[in-house]
Amino acid sequence: MGSSSSAETYILVFTLLFSSVSWAASSSVHQNFLQCLTLNSNSSTPITKVLYTPKNSSYETVLDFSIQNLRFTSSCTPKPQIIVTPLHVSHIQAAVICSKKYGLQIRARSGGHDYEGLSYVSEVPFIIVDLLELRSINVDVEDGSAWVEAGATLGEVYYSIANKTATHGFPAGICPTVGVGGHLSGGGYGTLLRKYGLAADNIIDAYIVDSNGTLLNRESMGEDLFWAIRGGGGASFGIIVSWKIKLVPVPSTVTVFRVTRTLEQDAEKILLKWQQVAHKLHEDLFIRVYLQAVNGSQEGERTISSTYESLFLGNTSGLLSLMNESFPELGLAAEDCNETSWIESVLYFTGFSGQPLDVLLNRSQTSKNYFKNKSDFLKEPIPETGLQGIWKLFYQVKNATALMIISPYGGRMNEIPETETPFPHRKGSLYSIQYVVAWLEEGKKVSKRHIDWTRKLYKYMAPYVSKSPRAAYLNYRDLDLGRNKNGNTSYAQASIWGLKYYKINFNRLVQVKTKVDPSNFFRNEQSIPLSSWWKK
């Protein structure tokens with residue numbers, strides 16, 4: 001780029017910054033901020049090329065692209081002063097160094113699936129570091145590993161693995177548009193959970209930019225920080241740049257099925273038995289259940305639908321043998337089963353059966369909606385009377401999709417100590433529950449009605465779920481559990497939600513946070529607090 005072009009770019013960006021950024025009063029501060037970004041980034045790839053402000057014609061497009069929850073698209077939702085879409089790690093380093101120097105907060109976004117929008121919303125002046133352009137994936141089949149940049153999606157990861165090998169996979173989530181930066185740092189689980197544990201249990205190395213703008217790998221960051229970012233949420237400690245993940249072996253043939261039973265088909269009896277056995281089944285077999293209210297056989301009638309969705313690491317014959325022995329109540333038959341490859345099973349669970357593999361490369365969801373989710377863990381089965389109360393609540397839902405998704409633990413999850421990573425929900429946790437309500441109609445009153453229903457169901461479930469603390473899953477972010485005040489809060493206040501997510505590991509996370517980010521630069525509504533606020 002010539003000097004004239006560089007000058008024009010500089011003037012344009014400075015003008016945009018000056019016209020939109022309200023966090024400083026003088027033009028000299030704006031100019032210094034821009035100079036800071038330029039000086040601290042790779043000059044061969046000018047950071048000015050990847051800056052977007054509200055005056056830029058592409059700003060709204062870039063901002064909205066990775067917003068997955070329509071609750072955070074309203075005109076009153078706080079917007080970032082600047083969006084940076086890094087092409088190089090030095091762009092991330094510059095954003096950190098200069099935001100820290102000039103009093104801006106940072107939200108790092110990889111896929112935009114944070115349930116409460118914390119990767120792209122803040123109540124204080126902030127910028128977004130959107131990692132969508134940093135998504136290279138290098139699969140090494142011989143080494144049994146892959147380096148994955150944080151902006152890649154799960155779909156891109158699965159696609160890249162399948163292009164190199166038919167006998168390896170990775171134990172992460174089902175939704176292909178989820179970004180690996182946040183998913184892995186919060187734990188991450190899917191249909192291989194009972195065989196190989198969490199995605200975070202299969203991380204070998206990582207690169208992170210810390211609060212000083214320094215790029216660190218596992219060796220240079222030390223084992224405490226490496227421990228913390230594998231389940232403790234990376235956003236409290238820095239910006240994840242890339243992960244080195246361990247590939248896991250999968251057979252050439254796997255079997256999947258999806259079977260639905262209603263109350264008229266003994267759904268309640270079947271669910272009671274499933275709760276008794278699903279966490280005890282062979283680790284090669286994963287069966288989750290989706291519960292929802294649906295239309296009955298008679299006009300105006302409602303009933304409950306329970307859909308059993310399963311992956312078995314083997315053939316149909318082996319699956320039927322296990323099912324007939326341990327869970328005959330479901331009545332699974334050979335015609336219900338589909339033998340396929342592991343990567344085709346990924347398409348099956350995402351609703352893309354029969355489509356080309358490159359559908360996994362689509363970063364946009366086919367549709368978006370408003371939603372509110374919450375989570376729980378079960379230490380013992382829900383009794384019949386408890387289930388019947390759930391059905392009554394489901395019948396109250398109008399003009400929305402309401403689900404309970406219950407996933408079995410056990411298997412490998414029982415073998416990993418609760419302190420191995422910050423994710424503590426191991427042996428003794430029989431099932432995880434995700435409560436979902438999603439709707440399409442906009443408006444505050446509509447949103448309040450549906451969110452209130454979710455809270456009502458959550459309150460109803462209290463007698464049946466884990467206690468002291470009532471545990472929750474970080475990747476199902478829920479600000480109802482509590483929040484920091486502008487990021488600066490006491491240990492006592494943060495422990496209200498922190499102990500739910502991390503249990504015994506919360507204290508160690510606080511100590512790591514205090515060591516690696518003593519100024520609490522990386523903070524949000526549910527970030528880890530500093531130990532210096534222990535008694536505040």
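**Helix H15 and the strands beneath**

I began with helix H15 (residues 444-460), which in this predicted model lies across S16, strand S17 (401-408) and strand S18 (431-439), and I noted that H15 runs at about 160° to S18.

Within H15 I looked up a pair of charged side chains, and found that Asp452 and Lys448 meet in a salt bridge with an N to O distance of 2.7 Å. Because Asp452 and Lys448 are four residues apart in helix H15, about one helical turn separates them. I then checked how open each partner is: Asp452 has 29% relative accessibility and therefore counts as partly exposed, whereas Lys448, with a relative accessible area of 52%, is exposed. Following shared partners outward, I found that salt bridges join Arg71, Glu116, Lys372, Lys374, Lys448, Asp452, Arg455, Asp478 and Asp480 into one network.

**The seven-stranded sheet**

Next I traced the sheet to which these strands belong, and recorded an open sheet of seven strands in the order S15-S12-S14-S13-S17-S18-S16, with antiparallel pairing. Which strands stand at its edges? I noted strand S15 (337-340) and strand S16 (370-378), each of which has a single partner strand, so one side of each is left without a neighbour in the sheet. Neighbouring strands of this sheet are turned by 15° against each other on average, with direction ignored.

I looked at one pairing in detail: strand S12 (residues 254-262) and strand S14 (residues 302-312) run antiparallel to each other and are joined over eight bridges, and among the bridge partners I noted Val256 with Leu311 in S14. Helix H12 (residues 342-350) packs on this sheet, where H12 touches S12, S14 and S15, and its direction makes about 25° with that of S12.

**Strand S4 and its neighbours**

I turned to strand S4 (residues 126-130), which is mostly covered, five of its five residues being buried. Sorting the side chains by direction, I found Phe126, Ile128 and Asp130 pointing one way from S4 and Ile127 and Val129 pointing the other way, with all of them buried; I marked Asp130 as one of the buried residues to look at again in the structure.

Which strands pair with S4? Strand S2 (residues 82-84) pairs with S4 in the parallel sense over three bridges, and here Val84 stands opposite Val129. Strand S3 (residues 105-109) also pairs with S4 in the parallel sense, over five bridges, and in that pairing I found Ile106 opposite Ile127.

**Cysteines**

How many disulfides does a search of the whole structure find? The search returned one, formed by Cys36 and Cys98, whose sulfur atoms are 2.1 Å apart. The pair links distant parts of the chain, since Cys36 lies in helix H2 (residues 27-39) and Cys98 in helix H4 (residues 89-102), 62 residues apart. I noted the torsion about the S-S bond of Cys36 and Cys98 as about -95°, so the disulfide is left-handed.

Both partners are covered: Cys36 counts as buried at 7% relative accessibility, and Cys98 counts as buried at 0%. I also checked two further cysteines, and found that Cys76, at 58% relative accessibility, counts as exposed, while Cys175, at 27%, counts as partly exposed.

**Salt bridges between distant segments**

My search of the whole structure for salt bridges gave 26, and I followed two that join separate parts of the chain. In one of them the side chains of Lys244 and Asp143 meet at 3.8 Å, N to O. Lys244 lies in strand S10 (residues 239-246) and Asp143 in the loop between strand S5 (137-140) and strand S6 (145-149), so the pair ties together parts that are 101 residues apart in sequence. Asp143 is partly exposed, with a relative accessible area of 44%.

In the other, Asp284 forms a salt bridge with Lys195, and their closest N and O atoms are 3.0 Å apart. I placed Asp284 in the loop between helix H10 (267-277) and strand S13 (285-295), and Lys195 in helix H7 (residues 193-196), 89 residues apart, so that this pair, too, links distant parts of the chain. Is Asp284 buried or exposed? At 17% relative accessibility Asp284 counts as buried, because the cut-off for buried is under 20% relative accessible area, whereas Lys195, with a relative accessible area of 22%, is partly exposed.

Conventions: Residues are numbered from 1 along each chain as its sequence is written. This is a predicted model: local features need pLDDT of at least 70, side-chain atom pairs count only at pLDDT 80 or more; totals for chains, interfaces and linings use all residues. Side-chain values use heavy atoms; hydrogens and water are left out. Buried means under 20% relative accessible area, exposed over 50%, partly exposed in between (1.4 Å probe, protein chains only). Helices (H or I, at least four residues) and strands (E, at least two) are DSSP runs, numbered from the N terminus. Two strands pair if DSSP finds at least two bridges between them. A disulfide is a pair of cysteine sulfur atoms within 2.5 Å. Axes are lines fitted to C-alpha atoms, for helices over the stretch in contact, and angles run from 0 to 180 degrees between N-to-C directions. Contact means heavy atoms within 4.5 Å. A salt bridge is a side-chain nitrogen of Lys or Arg within 4 Å of a carboxyl oxygen of Asp or Glu.
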